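Work through these exercises with the structure open beside you. Try each task before you read its solution.

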Amino acid sequence: MTAPRLPAPHPAVNPETRPFWDATARGQLLLRRCRSCTTVNWYPRTLCPACGSFDTEWIEASGRGTIYTFAVTRRGAGAYRDATPYVLAYVELAEGPRVMTNIVDCDVGALQIGDRVEVTFHDTGQGAALPRFRPAGR
Amino acid sequence: MSAGISGAAFIAGAYEHPERNIPDKPAEQVHAEVAAGALADAGLTFADVDGYYCAGDAPGFGGISMADYLGLNLTQIDTTETGGSSYVVHLGHAAEAIAAGKCQVALITLAGLPLQATANLVLGALHGPEDSFEAVYGTSIHGMYALAARRHMYEYGTTSEQLAEIKVAAAHHAQYNEHALLREPVTVADVISSPLISDPLHRLDCCVVTDGGGAVVVVSPAVARGLSRHCVKVLGHGEAPKTSANGRLDLTYTGAVWSGPRAFEEAGVTPADIDYASIYDSFTITVLETIEDLGFCAKGQGGPFVAGGALQAPHGRLPFNTDGGGLCSNHPGNRGGMTKVLEAVRQLRGEAQPEVQVPDCQLALAHGTGGSIGTRMGSSTVILGREDA
């Protein structure tokens with residue numbers, strides 16, 4: 001697990017999302033897929049918002065994707081007050097969903113929409129890790 | 001055509017709190033002051049009000065506390081919360097309630113005091129189911145709008161200079177508004193050279209943060225006929241949430257793609273008929289995407305459209321936000337929907353500042369955006385006309 005340079009605030013975890021967060025602590029990115037219509041859903045929830053079925057299951061993501069868009073945040077708040085500049089981004093996962101995240105271990109000035117990225121996990125210190133992404137193929 | 005609200009209700013009173021920093025009053029008192037201002041403008045009193053509308057940020061319990069504070073006796077109450085678009089939604093809902101005979105005099109109020117609270121622009125404070133998957137990454141209002149701006153730039157070639165033209169037009173208008181927070185005209189170079197807040201958005205791409213508020217009074221045709229004040233006719237309304245679409249979001253458009261056509265259809269008019277538009281302007285990118293989505297130009301052509309001076313009153317193709325908007329005048333409580341309605345009413349009454357009054361303004365549009373165009377949002381559009389429209 002990579003030592004975080006950004007803060008890694010611990011998320012609120014509830015019975016519905018606990019398997020997701022428990023998996024992050026093992027270095028796994030899980031997604032919730034619908035057995036009925038096969039849609040891979042985001043953010044993870046028991047209901048499939050694509051078809052209304054509750055017949056959904058956890059699958060492990062490839063951890064690969066591309067940058068859909070990003071912003072270089074220079075004014076932080078809360079835990080991020082002293083973390084600027086940092087990269088807020090949507091990564092389009094290979095499985096389809098576009099997920100909010102940070103791009104880390106990168107040359108901020110060289111980032112481009114469409115860049116290939118891979119998942120990395122930053123330990124919150126409380127039994128979970130934040131999935132973040134870094135440039136792939138290095 | 002199905003029964004709608006067109007012509008069923010009139011805006012009889014409108015009032016904007018003149019202050020922009022209010023350290024000496026609680027929010028409920030500001031609600032009361034703007035309510036009294038709008039009722040006085042209409043020639044009505046608190047005793048006439050039988051419908052009340054406020055958003056979820058109003059003090060207390062779901063509008064009940066405010067009805068209590070204001071001394072209202074109501075047959076209709078609605079505290080729909082869609083962020084900054086709430087007040088444009090409320091205007092539509094008030095017109096619907098009046099059309100259905102549920103009330104005759106509807107009061108809509110906004111008040112907010114963000115300058116008096118500990119600064120906290122982290123949306124995660126709302127504790128929605130999405131927060132554990134978003135707020136933990138250091139999301140901010142400006143950061144999420146910057147995500148949309150960069151994607152729009154990527155897909156359509158929009159530039160920072162084009163976005164800056166929106167602020168330039170707003171600042172040009174604000175110089176004539178004595179109550180505007182920022183009255184100095186600015187240039188494109190000023191905007192581009194202001195500090196980056198969330199790259200690609202600069203400080204001058206962002207709206208102001210102000211204390212303040214506003215109110216409107218919406219009445220039935222029967223009540224309007226008995227008033228001496230020039231009323232504004234509600235012609236059409238549309239509203240739409242835009243969600244994060246199960247992770248398939250597209251940040252290059254807003255909910256205006258749905259709320260706009262619904263409002264135009266109900267009013268029986270087209271974008272080409274609009275003389276003046278109040279466009280929600282939390283950030284310059286909000287304006288750019290919204291004017292495309294409402295059909296004032298083709299998708300992706302917002303940049304060239306604004307660069308040609310289209311937004312400048314009184315003679316641009318689409319004079320917008322002639323009070324200076326949220327970018328320069330006022331964004332009370334971080335919620336700009338109310339002030340969008342108020343300036344549209346001024347334009348239709350011929351009471352905008354003379355330098356920016358659109359000649360013979362017959363039809364106006366007011367559009368509200370709430371939440372974030374970078375994640376999930378509320379969107380509402382109203383079409384308004386002169387009393388005889």
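A crossing of two helices is called left-handed if the near helix is turned anticlockwise from the far one by less than a right angle, and right-handed if it is turned clockwise. Keep this in mind for Exercise 1. The model is predicted.

**Exercise 1. Helices H4 and H9 of chain B**

Task: Describe how H4(B) and H9(B) cross, and state the hand of the crossing.

Solution.
Step 1. Find the two helices. H4 of chain B covers residues 141–156, and H9 of chain B covers residues 284–293.
Step 2. Take the distance and the angle. The two axes come within 9 Å and cross at roughly 50°.
Step 3. Classify the angle. Angles under 35 degrees count as roughly parallel, and 65 to 115 as roughly perpendicular. H4(B) and H9(B) are therefore oblique to each other.
Step 4. Give the hand. H4(B) and H9(B) cross in a left-handed way.
Step 5. List the residues in contact. H4(B) brings B:Tyr145, B:Ala148, B:Ala149 and B:His152, while H9(B) brings B:Ile285, B:Thr286 and B:Glu289.
Step 6. Sort them by class. The contact of H4(B) with H9(B) has four nonpolar residues, two polar and one charged.

**Exercise 2. A second partner for H9**

Task: Decide how H5(B) is oriented to H9(B), and name the residues that meet.

Solution.
Step 1. Locate H5 of chain B at residues 160–174.
Step 2. Read the geometry. The axes of H5(B) and H9(B) come within 9 Å and cross at roughly 100°.
Step 3. Classify it. That angle makes H5(B) roughly perpendicular to H9(B).
Step 4. Name the residues. From H5(B), B:Leu163, B:Ile166 and B:Lys167 meet B:Thr284, B:Ile285, B:Val287 and B:Leu288 of H9(B).
Step 5. Sort them. This contact of H5(B) with H9(B) has five nonpolar residues, one polar and one charged.

**Exercise 3. The two domains of chain B**

Task: Give the bounds of the domains of chain B, then describe the side of domain 1 that touches domain 2.

Solution.
Step 1. Set the bounds. In the domain assignment, domain 1 of chain B is 10–116 + 211–232, and domain 2 is 131–208 + 236–386.
Step 2. Separate the centres. Over C-alpha atoms, the centres of domain 1 and domain 2 of chain B lie 23 Å apart.
Step 3. Count the contact. Domain 1 of chain B gives 29 residues and domain 2 of chain B gives 33 residues.
Step 4. Find the elements on the domain 1 side. Strand S1 (10–16), helix H3 (86–99), strand S4 (105–112) and strand S7 (212–219) of chain B each supply at least two residues.
Step 5. Pick out the largest share. H3(B) supplies it, with seven residues.
Step 6. Sort by class. The side of domain 1 of chain B that touches domain 2 holds 13 nonpolar, 12 polar and four charged residues.

**Exercise 4. Comparing chain folds**

Task: Describe the make-up and extent of chain A, then of chain B.

Solution.
Step 1. Count in chain A. Chain A has one helix and eight strands. From the N terminus on, the order is α-β-β-β-β-β-β-β-β.
Step 2. Check the extent of chain A. The C-alpha trace of chain A spans about 45 × 35 × 25 Å along its principal axes. For 138 residues, a compact globule would have a radius of gyration near 14 Å; chain A has 15 Å, which agrees.
Step 3. Count in chain B. Chain B has 12 helices and 11 strands.
Step 4. Check the extent of chain B. The radius of gyration of chain B is 19 Å, close to the 21 Å that the globule rule gives for 389 residues, so chain B is as compact as a globular protein of that length. Along the principal axes, the C-alpha atoms of chain B fill a box of roughly 55 × 45 × 40 Å.

**Exercise 5. Where the chains meet**

Task: Describe the side of chain A that touches chain B.

Solution.
Step 1. Count. The contact takes 34 residues from chain A and 29 residues from chain B.
Step 2. Find the elements. Strand S4 (64–73), strand S5 (86–93) and strand S6 (98–103) of chain A give two or more residues to this side.
Step 3. Name the largest share. S4(A) gives it, with six residues.
Step 4. Sort. The side of chain A that touches chain B has 22 nonpolar, nine polar and three charged residues.

**Exercise 6. Unusual backbone spots**

Task: Locate the cis peptide bond between A:Thr84 and A:Pro85, and the positive phi of B:Ala245.

Solution.
Step 1. Start in chain A. Omega is about -10° for the bond joining A:Thr84 and A:Pro85. A:Pro85 sits in the loop between S4 and S5 of chain A.
Step 2. Move to chain B. B:Ala245 is not a glycine, yet has a positive phi of about 55°. B:Ala245 lies in the loop between strand S8 (232–242) and helix H8 (256–267) of chain B.

Notes. Residues are numbered from 1 along each chain as its sequence is written. Chains are lettered from A and ligands numbered from 1 in the order in which they are written. This is a predicted model: local features need pLDDT of at least 70, side-chain atom pairs count only at pLDDT 80 or more; totals for chains, interfaces and linings use all residues. Axes are lines fitted to C-alpha atoms, for helices over the stretch in contact, and angles run from 0 to 180 degrees between N-to-C directions. Helices (H or I, at least four residues) and strands (E, at least two) are DSSP runs, numbered from the N terminus. Angles under 35 degrees count as roughly parallel, over 145 as roughly antiparallel, 65 to 115 as roughly perpendicular and the rest as oblique. Two residues are in contact if their C-beta atoms, placed from the backbone, lie within 7 Å. Ala, Val, Leu, Ile, Met, Phe, Trp, Tyr, Cys and Pro count as nonpolar, Asp, Glu, Lys and Arg as charged, and the others, Gly among them, as polar. Domain bounds come from an automatic or database domain assignment. The radius of gyration is taken over C-alpha atoms; the globule rule is 2.2 Å times the number of residues to the power 0.38.
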